[in-house]
Each structure stands twice: as C-alpha cells, then as structure tokens.
Amino acid sequence: VKPRDLAPDELDDPFWAACRQHVFLVHQCTACGRAYWPASTCLDHGSASMEWQPASGRGEVFTYTIVHHAYDRSLADRLPYAVGVVKLDEGPFFHSDIVGCVPSAVQVGMRVHVTFETVDDETTIPHFTPDTTDQP
Amino acid sequence: VDGCDLSGRFAVAGLGVTDQGIRLGRPSRDLRREALELALADAGLTRRDIDGYIGTSSEVFDDIRHLGLSPGFAYTMQAGGATATWSVLNAIGAILTGQATTVACLYGVAISGGQTARADGSRGGYGTFSYGYPRLYGFVGAGMTHALHARRHMHRYGTTSEHLGAVAVAQRAHAAVRPGTLGFGQPITLADHQASRMVVDPFRLLDCCRDTDGGVCVIVTSTERARDLGPVPALVLGVGTGHNMRNWWTGDVYDLHDDIAPAKAIAFGQAGITTADIDVAALYDPFTISVIMQLEAYGFCGPGEGGPFVASGATGLGGAIPTNTGGGQLSGYYATGFTAVVEALRQIRREAGATQVPQAEVALVSGHGGNGGIQNTWSHATLVVGVDR
C-alpha cells in the first residue's frame, strides 16, 4: 500500500516526494506562519500564501490506540500495534503509528520524532518513534 | 424566519421499522420498501400521498421506481449518523417552502454480511472504513477513530475501562427486555465486559456495536395534518446541527466528541427547553465513550463526570436521564442515526414496552457521522421531539 493509493490527492504530492529525501514538510501560510497538514487553505489568508516548508519532524503523542484486532489479513502479523495522532511542534496533527517501543509504552504527551522507512524507489513512509532522550 | 416559530409545527406522522439484525439475507431495497409500507400503514397514508423523498441510499433513482413513489423531489443525503436528523430537518424545510406536504425519510441497508464493496475495492462493514493515508499505518475503521477520543477522555479525566463498561451494561439491561434487539434476553455484567477481548484499546468487544441490516421510514408532515392521521403525532420541537471541522482547526477535535454545542443551542433554543426538561435521551452510540462524552456535552453531568455518572445508574430506568432505552446501537441494532430517532419516537408514542419512561414528554436524539477524511469531520445533529400537548 502506497500513499498515492490511499490519499490520491496531488495537493499532497510534495509532502510524499520530500519523504523520499527524508525531509518532513508542513503546509504553511507565509503570511501568518500558521502550519497545516495535509494540504490546506489558511483560514485567514486563503490559498495564495500556502507553501510546503521543512518542519522539525518532532512532536508529542496527542492520543493513540493499541490495535489488537486484525481488520484485514495483511495486518495480522503486526498485532498488537500502536497508532495515533502526533501533535507536531509546528501545530498540526499527523496520524502515524508509534514505532521503536512496545505498544504498551506509548503514552499521551510522549515526545516523538519522525523516522523514514524506504519501501521502494517510489515510496518512503514516515513513522514516529519516541525521543528516548527527552521523555518526561 | 425565527427558528422558534417552527417548534411544534411539524411532526412525525408515520414510523416504519423492519426487522433489524445481522445477515437478514434481504436486499437493502426490499428493506427500504418494507419500511416505507410499514410507515404508510402506520400513518394511514397511501403511496400517492408521499410528495417528497429523502433517502440515504445512493440508489435513489432506481429506488423510487422500486418503491412505487411519485414524489415532487427525491434526493439523498449522506452525513453518516447525522443523516437521520438531517433528513427530518430537510423534510421540514421542503414543506415550509412549499415543495411538499408529506415527506418520506427512508433508510435501509444490508451491510452486516461484509459484502459491501467500497470505492477502493475493499469489502467490509464500517469496521474497515479507510480514512486515507492513515491506512498506511493500519489505522482503519470507526473503532480506532473513536478510541482516540476515549484515550483523551481517560487521560484528561481518569475515565476507566469500568466506566466504559457501565455504559455497555446499562444499555444491555434495556435491550435484554426489548424484543427484536441483538441483546434481547441476554443481560451482561461488568465482569462480562471486563472479560471481553480487547479490540482497539481501550475498547473491548463489548464497547463496540455491530453492523446490522434493517430499514426505517419516518414520514414528516405538518402537525395540523398529522393530527388527522393514524397515530399520536410526535412533534418536532427543535433541530440543530454542528460540524467538527471547526474543532479540527482549533485542535479540540479529539477532546470534544463532536461539535455539539451549536447543535444543542439551536435545537434547545427552538424548543424553548433546557437539559433539565428532557425526560429521555437517545444518543448516538457506536462505542461506549460516545454516551459518556455526549452526556457531558448536553449538560446531564459536568465535564469529565460522564463515567461515574453512568456507573451510578443515572442512565437506567428511574435514573436521572434514562438513555438509549432500546439498547441503543451497542445492544439494540445499528440503523446509523435512525436507531436513536426510532427510540425517541417509541418513547413519545408510548410504545417502548418494558423500558417505557413514564410521563416521557420530551425526548432528545443525537447523531453524528460523515467520516470522510483524516480529520473525522463528523457532523453532529440534535433533534428534540415531544408529545402533542
């Protein structure tokens, strides 16, 4: 499964292209600096001022769930796994899995950062993993 | 037009509810046709009296031929579990603007066999709904999205799995004495809930509803006309909507169940009521957390108090606010937003049997849905129905 299959929206293509270079982007309003994800239109300044900009790739786990049920066969060998929503330091929410720790270690407020998984030449997927250095 | 002027001027004059259950083995269009025929019989109307059709099926054009209708307009709307209340709202708008006099709001699905093909080619019920790119991470289905709300509520307020279980137990007690529900004759205990397997933490199996097949038809007309028809009319006292996109922009989307505040304000304002005036609640409840968060948002208890409130027995018969007296979606059946609409109408029509709330004069209905993308842009709809005084 590739991003283009799931989010067939060319507006987000620059984001997924940058992932191939291990760069995490947010869609930002150059007029006010507010960051958005996915591609959005600034509530105050419209679409003209929106640009993709490199972001920190850091944030905190805002909420999550641990999945114990295989909703399709392709997910069965991953159980249990943690998926949730990361609140990026730039502001937007980003849905991701939380990797690099056991699912039961995931907590709301846990600091995380992006890692990149190269699937093939066309596809690199961002994941989030705990910052072991600055946990509360 | 002042919304308060609308209160009580429109009514549900006919209600049709087919069997509701898992794998009924009938095409959805036949469930819709039976629901229509039951509602017509209930109201004492004929097909030719129906001059407006609002459906939830994408098969609307084939549908109205199959149904034998000749309406002045026919359209479908889709806001998931908010659609039921939206259809009543739009029926009123159509009548008010002279498009129709008698509108059939019609629902019917046969989804529980898991044979419904999705746009992406996958098959499955609501449990495997894809929200776009989060599918990359194995993030699918309404269970996971609602679990995100539950996790926040537990983090912020200390809500526990036992609190969630109290919702499941309370509603099963209602279903256990309501024939035709999934939970009929099968009460559960908190221990049963705690022993049920974890699905999407914090939800156990008994925190989740199941897809069911079934049809529902609600016929909306003016109260004046409804008084001349068969059953005791159930009056529409107020109706309101809200949209969760606003809470996505502010970052509150996971801390609020839906955009309930404006929906409540509009509906309660029209009805001229406060929360204390509501005798019985029919809340949209695909998962247990939904009941807890909506009891708080509608003001039956304070923020964060929903878990202990339910655990105290407040949502049972004789409690402060009997809730989902037909078992709701969790233990009754999942007719999306129509589950709650049907139960409120049953209460107002004094048809709720063993779980009839004595002197129920004002009933609250809620619905949410329209899961179209990563932000869970759920519409919320509030409906207040009451007896004809």
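In this predicted model, helix H13(B) is followed by Arg350(B), a residue whose phi is positive, near 60°. The helix itself covers residues 338-348 of chain B, and ten of its eleven residues are buried, so H13(B) is largely enclosed by the rest of the structure. The buried set runs through Phe338(B), Thr339(B), Ala340(B), Val341(B), Val342(B), Glu343(B), Ala344(B) and Leu345(B), and is completed by Gln347(B) and Ile348(B). Glu343(B) and Gln347(B) are thus listed among the buried residues of this helix, together with Val341(B) and Val342(B).

**The two chains**

Chain B contains 13 helices and eleven strands. Its radius of gyration is 19 Å, close to the 21 Å that the globule rule gives for 389 residues, so chain B is as compact as a globular protein of that length. Chain A has two helices and eight strands. In sequence order, the elements of chain A follow the pattern α-α-β-β-β-β-β-β-β-β. For its 136 residues a compact globule would have a radius of gyration near 14 Å, and the 16 Å of chain A agrees with this.

The table sets out the extent, burial and surface of each chain.

| Property | Chain | Value |
|---|---|---|
| C-alpha box along the principal axes | Chain B | roughly 55 × 50 × 45 Å |
| C-alpha span along the principal axes | Chain A | about 45 × 35 × 25 Å |
| Buried residues | Chain B | 62% of 389 residues |
| Buried residues | Chain A | 48% of 136 residues |
| Accessible surface | Chain B | about 13400 Å², 52% from carbon and sulfur atoms |
| Accessible surface | Chain A | about 6500 Å², 49% from carbon and sulfur atoms |

Contacts between residues at least 6 apart in sequence give a further view of each fold. In chain B, 71% of such contacts join residues at least 24 apart. The corresponding value in chain A is 52%.

Charged side chains were also located. Chain B carries 28 positive and 34 negative charges, and the mean positions of the two sets are 5 Å apart. Chain A has 9 positive and 19 negative side chains, with the centres of the two sets 3 Å apart.

**Strand E4 of chain B and its partners**

Strand E4(B), residues 102-109, is mostly covered, with eight of its eight residues buried. Thr102(B), Ala104(B), Leu106(B) and Gly108(B) point one way from the strand, while Val103(B), Cys105(B), Tyr107(B) and Val109(B) point the other way; all are buried. Both faces of E4(B) therefore consist of residues under 20% relative accessible area.

E4(B) pairs with two strands described here. With strand E2(B), residues 52-55, the pairing is parallel and extends over four bridges. Within this pairing, Gly55(B) stands opposite Leu106(B) of E4(B). With strand E7(B), residues 214-222, the pairing is antiparallel and extends over eight bridges. Here Tyr107(B) has Val216(B) of E7(B) as its bridge partner. Leu106(B) and Tyr107(B) belong to the two opposite sets of E4(B) residues.

**Two buried sites in chain B**

Ala39(B) is found in helix H1(B), residues 28-43. Its relative accessible area is 0%, and Ala39(B) is accordingly buried. Beyond residues up to four places away in sequence, Ala39(B) touches Gly14(B), Leu15(B), Gly16(B), Cys217(B) and Ile219(B). Cys217(B) and Ile219(B) fall within the residue range of E7(B), 214-222, the strand that pairs with E4(B) in the antiparallel sense. Gly16(B), another of these contacts, is 23 residues from Ala39(B) in sequence, and the two C-alpha atoms are 3.9 Å apart in space.

Thr323(B) lies in the loop between helix H11(B), residues 306-311, and helix H12(B), residues 328-332. With a relative accessible area of 1%, Thr323(B) is buried. Its contacts, again leaving out residues up to four places away in sequence, are His174(B), Ala281(B), Leu283(B), Val291(B), Leu295(B) and Thr315(B).

**An open sheet in chain A**

Three strands of chain A form an open sheet in the order E2-E1-E3, with antiparallel pairing. The edge strands are E2(A), residues 35-36, and E3(A), residues 50-54, each of which pairs on one side only. Strand E1(A), residues 25-29, pairs with E3(A) in the antiparallel sense over five bridges. At one position of the sheet, Cys29(A) stands opposite Met50(A) of E3(A).

Note on methods: Residues are numbered from 1 along each chain as its sequence is written. Chains are lettered from A and ligands numbered from 1 in the order in which they are written. This is a predicted model: local features need pLDDT of at least 70, side-chain atom pairs count only at pLDDT 80 or more; totals for chains, interfaces and linings use all residues. Side-chain values use heavy atoms; hydrogens and water are left out. The radius of gyration is taken over C-alpha atoms; the globule rule is 2.2 Å times the number of residues to the power 0.38. Buried means under 20% relative accessible area, exposed over 50%, partly exposed in between (1.4 Å probe, protein chains only). Contact means heavy atoms within 4.5 Å. Accessible areas come from the Shrake-Rupley method with a 1.4 Å probe; for residues, only the protein chains shown count as cover. Lys and Arg count as positive and Asp and Glu as negative; His and the chain ends are not counted. The place of a charge is taken as NZ of Lys, CZ of Arg, CG of Asp or CD of Glu. Two strands pair if DSSP finds at least two bridges between them.
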